[in-house]
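Work through the following exercises with the sequence and the structure at hand. Each task is followed by a solution in steps.

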Amino acid sequence: MKKIFEIALGILAAIGGFVDIGDIVFNVAAGAMFGFELLWVVVIGVGAIVTYSEMCGRVAVVSQRAVMDAVRERLGYRVGLVSLVAGQLVNLLTIAAEIGGIALALQLLAGLPFRVLLVLAVLGLGIVIWALPFEWIERVFGYVGLTMLVFAVAALKLNPNWNSVASGFVPHVPSQDVALYAFFAVGLIGAATVPYEVYFYSSGAIEERWTPKDLGLNKANAIIGYSLGGFLSCALMIMAGALFYPRGITPESLGTVGLGAEVPLGQVGLVLALIGVLFAVGGAAIDSAFSGAYNVAQFFGWEWGKYRRPVDAPRFTVGWMAMLVAGFLIVVTGVDPIQVTEYSVIFSVVALPLTYVPILLVANDRAYMGRHANGRIANVFGIGYLAVILVISVAAIPLMIITNMGQG
Amino acid sequence: MSDAIDLGLGLVDHQLIDSEGRRCGKVDDLELTGIQEGRLQVAEILVGRRGAVHVPWEEVAKVDSGVHLKRTAAELRLGRGDVRARKLVAWIPGAQ
């Protein structure tokens, strides 16, 4: 019974932890531009993140080594360094976007000046990370982030044409606006698979002291947690497809996203939606700050972990603080957080293969993994999704240029 | 794990862990001896890029996914960057 409870807790945290500012921006924009036509792409993105999270979690549990350890071991110092730098640039853009997202949500809730809220956001995140143990951070943000499920209720109440919704899950390519459609497809997969998720997931397995007995928990967490997170992504797209698409509204701010809950559910819906966004994005900000610190420590072999006292993993501690400050410095310049989000997602797609290939290699190494090495199913999915990731990582930048970042 | 390991895949770039379970660097390079004599042997682990710290192979207790050492990082002069960084965080309440 206790076991089931534990699994449920972990899964709940995973749902809230999956959706971040990138998912919100791309799912809502895709719904507003193409209605329900891109729902099937969300399924592909979720499949990829489930496959690679399960794999890197299993590697971490069995070998006590996280993703950036595997990158260094498999790619060596030089190529590994390219992966580290690329991953860190994306982490920086991501944390900047998330911090900006927190401030935007706070602004809609409280209405103070944006830059003041940025300072509050960073200080708040710093204090929370410093004061709360790892498990609590993950759970508080995961659970409160679940109030985003209000978007699922909103989508239902907007009474979309369910036949069109269903046909959106069938893979297809439209007859016009193909480049724009492809750009959003790349963005949706990128948003579902941002690299910090695997960095954080694998390091988190070690933080939480999972042992091979927890491999079932790892699988359940990855499959159910991320699938339900994907459900939330779909809800956002269906909401936007039912509300914005028919009216030709292009959501350019987080306020428009909130409107998606306010129109069908009133003020209560709006407040719940903003609280959900605040915590989901806040959790993602913490995950990406930690990821930045994990990556550098793991690449150079330094002591790391929130489970250590700050003085016992000092370079790791300085690392996450530096991530918060750097993210703050990027958004405080006045760049549009939504635009930073779009860039972070598109560039993350480009950097992804250098993260996923080492995971796949290590997970297949029997000397390392013993009987927990990849089976046939994990490899069929692993190689299949890697092929998809390779294609979109090549296509991402050209599509970004052709479509002028989705502006058409 | 069997006795034979692939030096490139199984040793170089792997995590070093000291006798107290602390992570204290990576195997950045290896020094091999006995090449002329035909009795090749790993003599030292080199840690760090420039001005590397040399850890004699006798200090290795066990090799699995990481390389476990027989003594503490401080005794082997490893993980010295943590000593410097510790000063940056030690003053904050709750850091100890």
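**Exercise 1. Find the contacts of A:V173 and place the residue in the fold.**

Step 1. Leaving out residues up to four places away in sequence, A:V173 touches A:V178 and A:Y181; two residues are in contact if their C-beta atoms, placed from the backbone, lie within 7 Å.

Step 2. This is a predicted model, in which local features need pLDDT of at least 70, side-chain atom pairs count only at pLDDT 80 or more, and totals for chains, interfaces and linings use all residues. Residues are numbered from 1 along each chain as its sequence is written, while chains are lettered from A and ligands numbered from 1 in the order in which they are written.

Step 3. A:V173 sits in the loop between α8 (162-168) and α9 (178-192) of chain A. Helices (H or I, at least four residues) and strands (E, at least two) are DSSP runs, numbered from the N terminus.

Step 4. A:V173 counts as exposed because it has 9 C-beta neighbours inside 10 Å. The cut-offs are 20 or more other C-beta atoms within 10 Å for buried, 12 or fewer for exposed, and partly exposed in between, with C-beta atoms placed from the backbone.

Step 5. The C-alpha atoms of A:V173 and A:L38 are separated by 9.1 Å, and the two residues are 135 apart along the chain.

**Exercise 2. Compare the settings of A:D177 and A:R209, and give phi for each.**

Step 1. Most residues other than glycine have a negative phi.

Step 2. A:D177 has a positive phi, near 55°, and A:R209 also has a positive phi, near 55°.

Step 3. A:D177 belongs to the loop between α8 and α9 of chain A; A:R209 belongs to the loop between α10 (196-207) and α11 of chain A.

Step 4. A:D177 is partly exposed, with 15 C-beta neighbours inside 10 Å, and A:R209 is exposed, with 10 other C-beta atoms within 10 Å.

**Exercise 3. Describe how α3 and α11 of chain A pack.**

Step 1. Helix α3(A) (residues 39-63) and helix α11(A) (residues 215-243) pack at an angle of about 160°, with their axes 9 Å apart. Axes are lines fitted to C-alpha atoms, for helices over the stretch in contact, and angles run from 0 to 180 degrees between N-to-C directions.

Step 2. The angle makes α3(A) roughly antiparallel to α11(A); angles under 35 degrees count as roughly parallel, over 145 as roughly antiparallel, 65 to 115 as roughly perpendicular and the rest as oblique.

Step 3. Among the contact residues are A:V46, A:I49 and A:G57 of α3(A) and A:A222, A:Y226 and A:G230 of α11(A).

Step 4. By class, this contact of α3(A) with α11(A) has 13 nonpolar, six polar and three charged residues. Ala, Val, Leu, Ile, Met, Phe, Trp, Tyr, Cys and Pro count as nonpolar, Asp, Glu, Lys and Arg as charged, and the others, Gly among them, as polar.

**Exercise 4. Do the same for α4 and α10 of chain A.**

Step 1. Helix α4(A) (residues 67-110) packs on α10(A) at an angle of about 120°, with the axes 10 Å apart.

Step 2. The two helices, α4(A) and α10(A), are therefore oblique to each other.

Step 3. The contact is made by A:V67, A:M68, A:N91 and A:T94 of α4(A) and A:Y196, A:V198, A:Y199 and A:S202 of α10(A).

Step 4. By class, the contact of α4(A) with α10(A) has five nonpolar, three polar and no charged residues.

**Exercise 5. Which elements of chain B give two or more residues to the side that touches chain A?**

Step 1. In the interface, 23 residues of chain B are in contact with 23 residues of chain A.

Step 2. The elements are β1 (15-17), β2 (23-26) and α2 (80-90) of chain B.

Step 3. The largest share, seven residues, comes from α2(B).
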